[in-house]
Amino acid sequence: MIVPALLAAAGALAGFVALQRRESAALAAATGRRFRLGAGGVIEGAEEIRLEGTGERAVLLLHGFGDTPQTLHYVAEALHADGYTVHVPLLPGHGRTLAAFGATRAKQWIAAARDAYTALTSVYGPTPVVGLSMGGALGIILAAETPTMPALALVAPYVSMPRRARIVAKLHHPWQLVRPWFRARGEASIVDETEKTRNLAYGAISPRLLFELSRLVRRVQVSLPRVRVPTLAIHGVHDNRVPPDAARRAFARLGAPGKRLVWREEGAHILTVDRGRDEVIALVRDWLASHPAPADRRGVAKANEAPRS
C-alpha cells in the first residue's frame, strides 16, 4: 500500500511541476510578445531620459523594479522646465528582454545608480536624487553614502516586502525550479486606465529576482538611520505595494533631521503617472527648490577637472 501511495504522490507532484513550468513558459512568451525591441535591445519607449538644462543644476531620477524611465517622464519634464539637467538611467536588466531582467542582481542596480550619480556630480557637484519605488530604495542607499547630497525626494519608496514575497524570496532556489516566472500583478499599481495601458513593466517576476529585491530592502533598512540628507517621502494611502504601516515605520527610522512625510489619497503605487500626479510633482519640485545645492557648482567641478600645470 505504501509503494503505490508514494508513486501516486510522486506522479501528482511531477504533474504539478509540469503544469507550473508550462504556465511559466506561457507567461514569459506572452510578455515577450507585448514589447518591441529597438536599438541596443531596449524596449521601444523604455530608453533612458537625458534632458540638458539651461542652468547649473542637475538631478538624478531613478525608476522602480521591473519598470522603466517612462514612469518618471512627467517628473523629468517638469524639473527640466525648472532649468535642471535631468538624467533618468535605465537600470541593468530593465526595459530589455525578460531573460535579461532575470539575470540581473541587486548589486548591479546599486552600482548603476552610484555610477549615474557620480557622473552627474563630477560635472555639477552635489546633486539631488528623486527615486520612485525601488528607485527610492536606491536613493536611500546613495544618500546614506553621500552626506553632501542636497536633497532626496522619495515617491512610494520600496522599503519593505510583504510576508508572502519574503517566503518565496527565502526559498527561491526550489521555487525557481518549479515556477521560473509568475505574474507580478503590477496592473494594480496604477489606477488611471490610460497610464496603465502605457506602462512598460514586464508584469512578470521570478523567485530569484524576489530574492534580489529582498537583499536590496535589507540594505535599505541598514541605510535608513544613516541618512542625513533632507528627505521628502510621498506615500499613497491606497498603495498596493507598500502598506501605510510599513511606510510609517521606515520613515520613523530615517535619520535625516529635516524630513517630511506626505500622504496621498489619489493613485496607487506609481504615483508619478497616476491620478493626482501633478500634486506629487509639485511637492517634488518645491522640495528640491527649498533645498538647493551650494552655488557655483559647475565652476568648482570644472576647475577640479582642469589639467595641472
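**A seven-stranded open sheet and its helices**

In this predicted model, a right-handed β-α-β unit is built from β4, helix α5 (residues 134–145) and β5. The two strands of this unit, β4 and β5, run parallel and are joined by four bridges. Within this pairing, Gly 131 is found opposite Leu 154 of β5.

On to the partnership between β5 and β8. Strand β5 (residues 152–155) is linked to strand β8 (residues 231–236) by four bridges, and these strands run parallel. Two of the residue pairs can be picked out here: Leu 152 has Thr 231 of β8 as its bridge partner, while Leu 154 is partnered by Ala 233 of β8. The side chains of β5 alternate in direction, with Leu 152 and Leu 154 pointing one way and Ala 153 and Val 155 the other way. Whichever way they point, these four residues are buried.

A step back brings the whole sheet into view. The sheet is open and has seven strands in the order β1-β3-β2-β4-β5-β8-β9, with mixed pairing. At its edges lie β1 (49–51) and β9 (259–264), each of which pairs on one side only. From one strand to the next, the twist averages 15°.

Helices complete the picture. Helix α4 (residues 106–124) packs on the sheet, where it touches β2 (58–62), β3 (85–88) and β4 (129–132). The direction of α4 makes about 170° with that of β2. Helix α10 (residues 244–253), in turn, lies across β8 and β9, and α10 runs at about 170° to the edge strand β9.

Conventions: Residues numbered from 1 in each chain as written. Predicted model: local features only at pLDDT ≥ 70, side-chain atom pairs only at ≥ 80, totals over all residues. Heavy atoms only, no water. Pairing = 2+ DSSP bridges. Axes fitted to C-alpha atoms, helices over the stretch in contact; angles between N-to-C directions. Contact = heavy atoms within 4.5 Å. Buried < 20%, exposed > 50% of the residue type's maximum accessible area, 1.4 Å probe, protein only. Right-handed = clockwise from strand over helix to strand, strands pointing away.
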